[in-house]
Protein chains: 2
Amino acid sequence: MTRFEVLILGNSSATPKFDRHPTSQIVNAHGQFFLIDCGEGTQTQLYRYGIKGTRINHIFISHLHGDHYLGLVGLLSSQHLVGRKSELHVYGPPALKEILEVHFKHSDTHLRYPLIFHPTNPHKQEVLLETDHLKVSSFPLQHRIDCTGFRIDEKERPATLKKEEVERLNIPTPYLRLLKKGIDYVANDGTVYLAQDLTYPPPTPRSYAYCSDTVMNENYFEAIKGVDLLYHESTFLHDRVDRAKETFHTTSLEAAEVARTVGAKKLLLGHFSARYRDLQPLLEEARSVFDHTALSEEGSWYAVGYKQ
Amino acid sequence: MTRFEVLILGNSSATPKFDRHPTSQIVNAHGQFFLIDCGEGTQTQLYRYGIKGTRINHIFISHLHGDHYLGLVGLLSSQHLVGRKSELHVYGPPALKEILEVHFKHSDTHLRYPLIFHPTNPHKQEVLLETDHLKVSSFPLQHRIDCTGFRIDEKERPATLKKEEVERLNIPTPYLRLLKKGIDYVANDGTVYLAQDLTYPPPTPRSYAYCSDTVMNENYFEAIKGVDLLYHESTFLHDRVDRAKETFHTTSLEAAEVARTVGAKKLLLGHFSARYRDLQPLLEEARSVFDHTALSEEGSWYAVGYKQ
């Protein structure tokens, strides 16, 4: 099966503690490695979990709080030092460009590879990247400063041919592509061969959404509707919902409520406050509302779809 | 004995590998914690080794290559989040101020404690900080961009009184301070009491110097003359001296040559290239020239003076 899975590099909120690290994760989508957020120490975490930086061609930054991007300059510099030549695309708030330029100016760094910056739009949903099989988009979240979530969708795939059947019936090659698209084949003698009889249905497209940081807010529900895996921040337990609102964060209970409301198949909690050494209570709280919940653990891979 | 010692938080050059971290160290000078350089992940290293950020009131940044300062914004932000109220002084290249301001502007961070920035001078030696017992100065190094080393000196201390002797002789209190300064006491009857007989000599002032990053260069030798402990970068083995020159770094052999020439009592090697998993050859190379050499190890404290 084509790989679609998430590796957690950091699941901590702003003050890293208990060997948890600031936010960062790798999404392996069909062998493409996307990096989502890049908190301080991300390059070390990548090294720890055996991910070569050269495998990453697209980096998505949600917002400009330090725990989500302070590892970026270090990672980009190291890629320069190890001799990277291939393009690297960074998607993030417009001001990130200024931050990177200030760093590179004062360190007199002239990257030996093309760094292509794509500003995100904090006000509306937008497609950032589209390949033959995947689509990555950003959508507005509601945090203390401009912030976007990200969603990765598999595109509809064509059906797979029932090879033996097709060969037995001697269907001409040009029609095979049409059959895969669901178009029936009509032979010269008028016989109709139904596409549905000659193909296996394609796998249902899978989808992943990333929501960190945000206060719970219906405005982003449409953007993450029905995803197979939802990573949602759950900084606090619900007894601190006031603190959560004040700091534009979410509680575990709320994260679960989001997952339930948008019809997510599975919920992955993250962005845990340094207040909690033991995370089990956050998991239990979320499960009281939405059973298919897991605590994100650094170093673990989580499958998107199918297995739920 | 009054504490004067160095804790290594990171001894790696630019690309962190083998669980070595970018450059950073704590100098405990008489109970004051100075942070010298602050590579990415410094706050995590501080946490790992049990150093509270609130103990640090002075941070010294040598230059603006990422591996020497990319942990600074995260550390300053975390200090804000944990409710720090006391002044924090940062000494570094003038452009560091712009870098910090850009970060704080875009993350909409308004520190709740006073952050006082002191620009260093890359062209001449300067005293940055002076207390009753200590003096911290910067001096020019020669790197690809402006860079300074740092030197911490204990000041001369007064002698200690031989208490019993002084009491037995009934020397009036106002004269005790003078005795400690080496001034003899002449009694009303004309008897002379020699200061040297009534006091223990003060301990010899100790000194520490930090040189990273730099190409070996006589211009900074005067500034580090005779220090008890010299931390000197030794990025490469001497078979790569060309590469060292090209990147404005030093080899182990050169670091040892510096220590020997300036009459340092002990040499501590650091800033190791990711090229070397095993550091023993760097140590052996340095010891062939300067015996009192040690490899800096992360998490270890190194005494300044006396013990050598």
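Which residue stands opposite B:Ala209 in β15(B)? The legends below answer this and walk you through a predicted model, one close-up at a time.

**View 1. Two neighbouring strands of chain B, β14 and β15, run parallel.** Here is the reply to the opening question: B:Leu230 in β15(B) is the residue opposite B:Ala209. Strand β14 covers residues 207–211 of chain B and strand β15 covers residues 229–233, and 4 bridges join the two.

**View 2. Chain B holds an open sheet of 7 strands.** To find your way across, follow the order β7-β8-β9-β14-β15-β16-β17; the pairing is mixed. At the edges you meet β7 (126–130) and β17 (293–295) of chain B, each of which pairs on one side only. From one strand to the next, the twist averages 20 degrees. Helix α10 of chain B, residues 280–287, packs on this sheet and touches β16 (266–270) and β17. The direction of α10 makes about 170 degrees with that of β17(B).

**View 3. Chain A and chain B meet, with 30 residues from each in the contact.** On the side of chain B that touches chain A, the elements giving two or more residues are α1 (42–48), α3 (72–81) and α4 (95–106) of chain B. The largest share, 6 residues, comes from α4(B). Sorted by class, this side of chain B has 12 nonpolar, 13 polar and 5 charged residues.

**View 4. Helix α4 of chain A crosses α4(B).** The axes of the two helices come within 10 Å and cross at roughly 165 degrees, which makes α4(A) roughly antiparallel to α4(B). The crossing of α4(A) and α4(B) is left-handed. From α4(A), the residues that make the contact are A:Ala95, A:Glu98, A:Ile99, A:Val102, A:His103 and A:His106. From α4(B), look for B:Ala95, B:Glu98, B:Ile99, B:Val102, B:His103 and B:His106. The residues of this helix contact divide into 6 nonpolar, 4 polar and 2 charged.

**View 5. A turn of 180 degrees lays chain B on chain A.** With that turn and a shift of 0.1 Å along the axis, the RMSD is 0.1 Å; that is the relation of a two-fold axis. Which residue of chain B comes closest to the rotation axis? Look for B:Gly41, whose C-alpha is at 2.7 Å. Of the interface residues of chain B, 100% are also interface residues in chain A, so the copies meet through the same surface.

Terms used
Residues numbered from 1 in each chain as written. Chains lettered and ligands numbered in written order. Predicted model: local features only at pLDDT ≥ 70, side-chain atom pairs only at ≥ 80, totals over all residues. Contact = placed C-beta atoms within 7 Å. Helix = DSSP H or I, 4+ residues; strand = E, 2+ residues; numbered from the N terminus. Nonpolar A, V, L, I, M, F, W, Y, C, P; charged D, E, K, R; others polar. Pairing = 2+ DSSP bridges. Axes fitted to C-alpha atoms, helices over the stretch in contact; angles between N-to-C directions. Parallel < 35°, antiparallel > 145°, perpendicular 65-115°, else oblique. Left-handed = near helix turned anticlockwise from the far one by under 90°. Least-squares fit on C-alpha atoms with pLDDT ≥ 70 in both.
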